[in-house]
Amino acid sequence: MRAMVLNRIGAALEWTELADRAPGPGMIRVKVAACGVCRTDLHVVDGELPGPVLPIIPGHEIVGRIDAMGPGVEGLRLGERVGIPWLGHTCGVCPYCREQRENLCDRPLFTGFTRDGGFATAVVADARFAFPLGEPNDDASGDAALAPLLCAGLIGWRSLVIAGPGKALGLYGFGAAAHIVAQVARWQGRSVHAFTRPGDTAAQAFARSLGAAWAGGSDEAPPEPLDAAIIFATVGELVPLALRAVRKGGRVVCAGIHMSDIPGFSYGLLWEERQIVSVANLTRQDGLDFLRLAPGMGIVTKVARYPLMQANQALADLRAGRFEGAAVLVP
Ligand SMILES: [Zn+2]
Ligand SMILES: [Zn+2]
């Protein structure tokens, strides 16, 4: 197999030939057809998350086909198309796992962070955490089109559920996750308000093209008070801005795994039962719920494709905001 490997925090990924890996008990080997590039991959490369296992193959939005199975794998078959998400393994016995909150497991493994991921031609994964995806029947369900659903879509979905059922929704940061969540929220009949970097009229136009009722800079007030806001951008300064934009009892959901420091703000912004919550990881149930509904939502992902060897370019373009939607590596 070949992979783009992170050997050292802050270094470029290196194109590396590795011995093929045999799946152990309960594991599957998946031939990677497409792997999305997520902002979390940038956080891994930049050393902003505690506890990476180096060297590591990043990538946790994997679509591929099973080409080998270890003993004891149930419910999957050779050749089946599956998705491999960020949550790679949970212990099953800690208090969180027992409370159906496996996203908070005390001893998890995360794909592309503490277990090798999908910036590769093949990946070995725990079969119980793989999602059957069915076969593609149109462009919108092709391998590269589906890859961003595996994290941007799933975390976006969990964030949307946690945001509550309110109609007026704000999305701060209009990247891979927001461009999917905007479509899901529209499908649910909500009114989407997209906040971008001030002056980023291209991103605002992109948001409107996906059905946003309003799009503007993060320094602007929305035309109506929001029921909830989801912050996808990694900028702590957005938290008080989002609190200011939500109505009494409104909720601000921080959906990123990493954020810059949140500046101090007056208690008046939190008063009247406004809430700030964070979303961490995903449960398998989130994935099953979302992937069951997704085909009927009419989600069209906008994808910038890169050859696997150009993973560093994809990461640089993500950092600089040089594409709309999501980047996907294709081996
Ligand atoms: Zn656990
Ligand atoms: Zn991700």
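Biologist: Which are the buried residues of α1?

Modeller: Happy to start there, and please keep in mind that this is a predicted model. Helix α1 is mostly covered, with 6 of its 8 residues buried. Buried here means under 20% relative accessible area. The residues of α1 that meet this are Thr40, Asp41, Leu42, His43, Val44 and Val45.

Biologist: Good to know! Which elements do the buried residues of α1 pack against?

Modeller: Contacts are what we go by here, with heavy atoms within 4.5 Å. On that basis, the buried residues of α1 pack against β3 and α9 (311–320).

Biologist: And which residue follows α1, with a positive phi?

Modeller: The phi angle in question is near 75°. The residue that has it, just after α1, is glycine 47.

Biologist: Let's turn to the metal. Which residues coordinate the zinc ion (ligand 2)?

Modeller: The donor atoms are two SG and one NE2, at 2.0 to 2.2 Å from the zinc ion. In sequence the donors follow the spacing C-x21-H-x90-C. The residues are Cys38, His60 and Cys151.

Biologist: How many residues apart in sequence are the parts that cysteine 38 and cysteine 151 tie together?

Modeller: Cysteine 38 sits in the loop between β3 (27–37) and α1 (39–46), while cysteine 151 sits in the loop between α3 (143–146) and α4 (152–163). The pair therefore ties together parts whose separation in sequence is 113 residues.

Biologist: Is cysteine 151 buried or exposed?

Modeller: The cut-off for buried is under 20% relative accessible area. Cysteine 38, with 13%, falls below that. Cysteine 151 has 7% relative accessibility, so its class is buried.

Biologist: Now for the empty space. Which strand gives the largest share of the lining of the largest cavity?

Modeller: A search of the whole structure finds 2 cavities of 30 Å³ or more, and the largest holds about 60 Å³ of space. Its lining includes Met1, Arg29, Ile57 and Asp116, and by class it has 5 nonpolar, 1 polar and 4 charged residues. The largest share, 3 residues, comes from strand β8 (residues 122–126).

Biologist: What about the second largest cavity: how many nonpolar residues are in its lining?

Modeller: This cavity has a volume of about 50 Å³, and among its lining residues are Ile84, Leu87, Val124 and Phe129. Two elements, β6 (87–89) and β8, each give two or more residues to the lining, and β8 gives the most, with 3. Besides 2 polar and 2 charged residues, the number of nonpolar ones is 7.

Technical notes: Residues numbered from 1 in each chain as written. Chains lettered and ligands numbered in written order. Predicted model: local features only at pLDDT ≥ 70, side-chain atom pairs only at ≥ 80, totals over all residues. Heavy atoms only, no water. 1 Å grid on protein atoms, 1.4 Å probe; cavity = no way out; pocket = protein on both sides within 12 Å on 5 of 7 lines; lining within 4 Å. Points joined across faces, edges and corners; volume = space filled by probe spheres on them. Helix = DSSP H or I, 4+ residues; strand = E, 2+ residues; numbered from the N terminus. Nonpolar A, V, L, I, M, F, W, Y, C, P; charged D, E, K, R; others polar. Donors = N, O, S within 2.8 Å, 3.2 Å for Na, K, Ca; no water. Buried < 20%, exposed > 50% of the residue type's maximum accessible area, 1.4 Å probe, protein only.
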